[in-house]
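Colleague: Could you take a close look with me at one part of this model, the side chains and how they meet, and explain it slowly enough for a first-year student to follow?

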Amino acid sequence: MRAQANGWEESASAWISELGEHGDYGRRYVLDAPMLERVRARSFRTALDVGCGEGRFCRMLRAEGIVPVGVEPTRALREAAIARDPSGAYLAATAETLPFANETFDLVVSYLALIDIDDLEAAIAEMARVLRPSGALVIANLNSFNTAGDWHKRDDGSRSFILDEYMVTRAEWVRWRGIKIRNWHRPFRAYMKPLLGSGLRLTHFDEPLPTGGDPVRIRQHRRAPYFHVMEWQKG
């Protein structure tokens, strides 16, 4: 999932600085509220955060009275999570090979981690495997239309979002503020087929809009797709 070949070890310091405790724009103003809404909708007791990074959402889950476990293969991010939450459980593992018995957790979270995972089918099968019956897999992910496109400047100075090669699965390097990591673009079907095939049932889908922050960013999120949130139930 996250390994040196993906750029995460080299980018960990810049990533931690970028997120801080409140998260970047997408987390703070777009995703945190709908993700916590899904968490609060049911009485979860235990949770697994797959690709937990520096542990921010694990700490948020703990604040909700849930006992979280985070798995993170990037050493520097995992060490940062432990330093900020010494009593927490943060393990070196990948999404494709989760070190837990079947039906261990009430809740499994993938918060902007699927785009980092090489073997998506194996990871989804593993997340479904460790869920208890009636448990929930809650996913926040970059919208597939977003990962297939980018903003371009027109001749008149205005900007438009251009989407191309949507159906072509590919890994691409993205760079911003000292961070250089490899993300996957996949069409929606590449996510939906293994999720539906894993015995999970879709119970919630949304493409949340910003709740505040920079007006320019708000307008961008209203013009082009950025994120989606899904909840899948094991039953």
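Modeller: Let us begin with tryptophan 8 and tryptophan 15, both of which are buried. Please keep in mind throughout that this is a predicted model, so that every value I quote has been computed from it. The structure holds 9 aromatic pairs, and one of them is formed by tryptophan 8 and tryptophan 15, whose rings are arranged edge-to-face, with 4.9 Å from centre to centre and 80° between the planes. A pair of aromatic rings is described by exactly these two quantities, the distance of the centres and the angle of the planes.

Phenylalanine 145 and phenylalanine 188 also form an edge-to-face pair, here with 5.6 Å between the centres and 75° between the planes. Because phenylalanine 145 belongs to helix H6 (residues 144–147) and phenylalanine 188 to helix H7 (residues 188–197), this pair ties together parts that are 43 residues apart in sequence. The two partners fall into separate classes of accessibility: phenylalanine 145 has a relative accessible area of 32% and is partly exposed, whereas phenylalanine 188, at 16%, counts as buried because buried means under 20%. Returning to the tryptophans, we find that ring pairs link Trp8, Trp15 and Trp176 into a cluster.

From rings we can turn to charges. Side chains of opposite charge can pair when their charged atoms come close, and in this model the count comes to 15 salt bridges. In one of them the side chains of glutamate 64 and arginine 40 meet, with 2.8 Å from N to O. This pair links distant parts of the chain, since arginine 40 is in helix H2 (residues 25–40) while glutamate 64 is in the loop between helix H3 (56–63) and strand S2 (67–71), and the two are 24 residues apart. Glutamate 64 is partly exposed at 29% relative accessibility, and arginine 40, at 54%, is exposed.

Another salt bridge joins aspartate 106 to arginine 45, with 3.7 Å from N to O. Here too distant parts of the chain are linked, for aspartate 106 sits in strand S4 (residues 105–111) and arginine 45 in the loop between H2 and strand S1 (46–50), 61 residues apart. Aspartate 106 is buried, with a relative accessible area of 11%, but arginine 45 is exposed, with 57%. Arginine 42 is placed in the loop between H2 and S1 as well, and at 29% relative accessibility arginine 42 counts as partly exposed. Although arginine 42 and aspartate 106 are 64 residues apart in sequence, their C-alpha atoms are 9.9 Å apart in space.

A salt bridge can also be found within a helix, as arginine 75 and glutamate 79 show, with their closest N and O atoms 3.3 Å apart. These two residues are separated by about one helical turn, because they are 4 residues apart in helix H4 (residues 75–84). Arginine 75 is partly exposed at 43% relative accessibility, and glutamate 79 is likewise partly exposed, at 44%. Elsewhere, salt bridges that share partners join Glu21, Arg59 and Arg84 into one network.

On the surface, Lys153, Arg154, Arg159, Arg219 and Arg223 gather in a patch of positive charge. One of these residues, lysine 153, lies in strand S6 (residues 149–153), and with 66% relative accessibility lysine 153 counts as exposed, because exposed means over 50%.

Two backbone details complete this look. Leucine 112 has a phi near 55°, a positive value in a residue other than glycine; leucine 112 lies in the loop between S4 and helix H5 (120–129), and at 9% relative accessibility leucine 112 counts as buried. Serine 134 also has a positive phi without being glycine, its value being near 70°. Serine 134, however, has its place in strand S5 (residues 131–142), and serine 134 is partly exposed, with a relative accessible area of 39%.

Conventions
Residues numbered from 1 in each chain as written. Heavy atoms only, no water. Patch = residues over 30% accessible without salt bridge, like charges linked within 9 Å, V, L, I, M, F, W, Y side chains within 5 Å. Areas by Shrake-Rupley, 256 points an atom, 1.4 Å probe, with all protein chains shown as cover. Salt bridge = Lys/Arg side-chain N within 4 Å of Asp/Glu carboxyl O. Lys, Arg positive; Asp, Glu negative; His and termini not counted. Charge placed at Lys NZ, Arg CZ, Asp CG, Glu CD. Buried < 20%, exposed > 50% of the residue type's maximum accessible area, 1.4 Å probe, protein only. Phe/Tyr/Trp six-rings, centres within 6.5 Å; stacked < 30°, edge-to-face > 60°.
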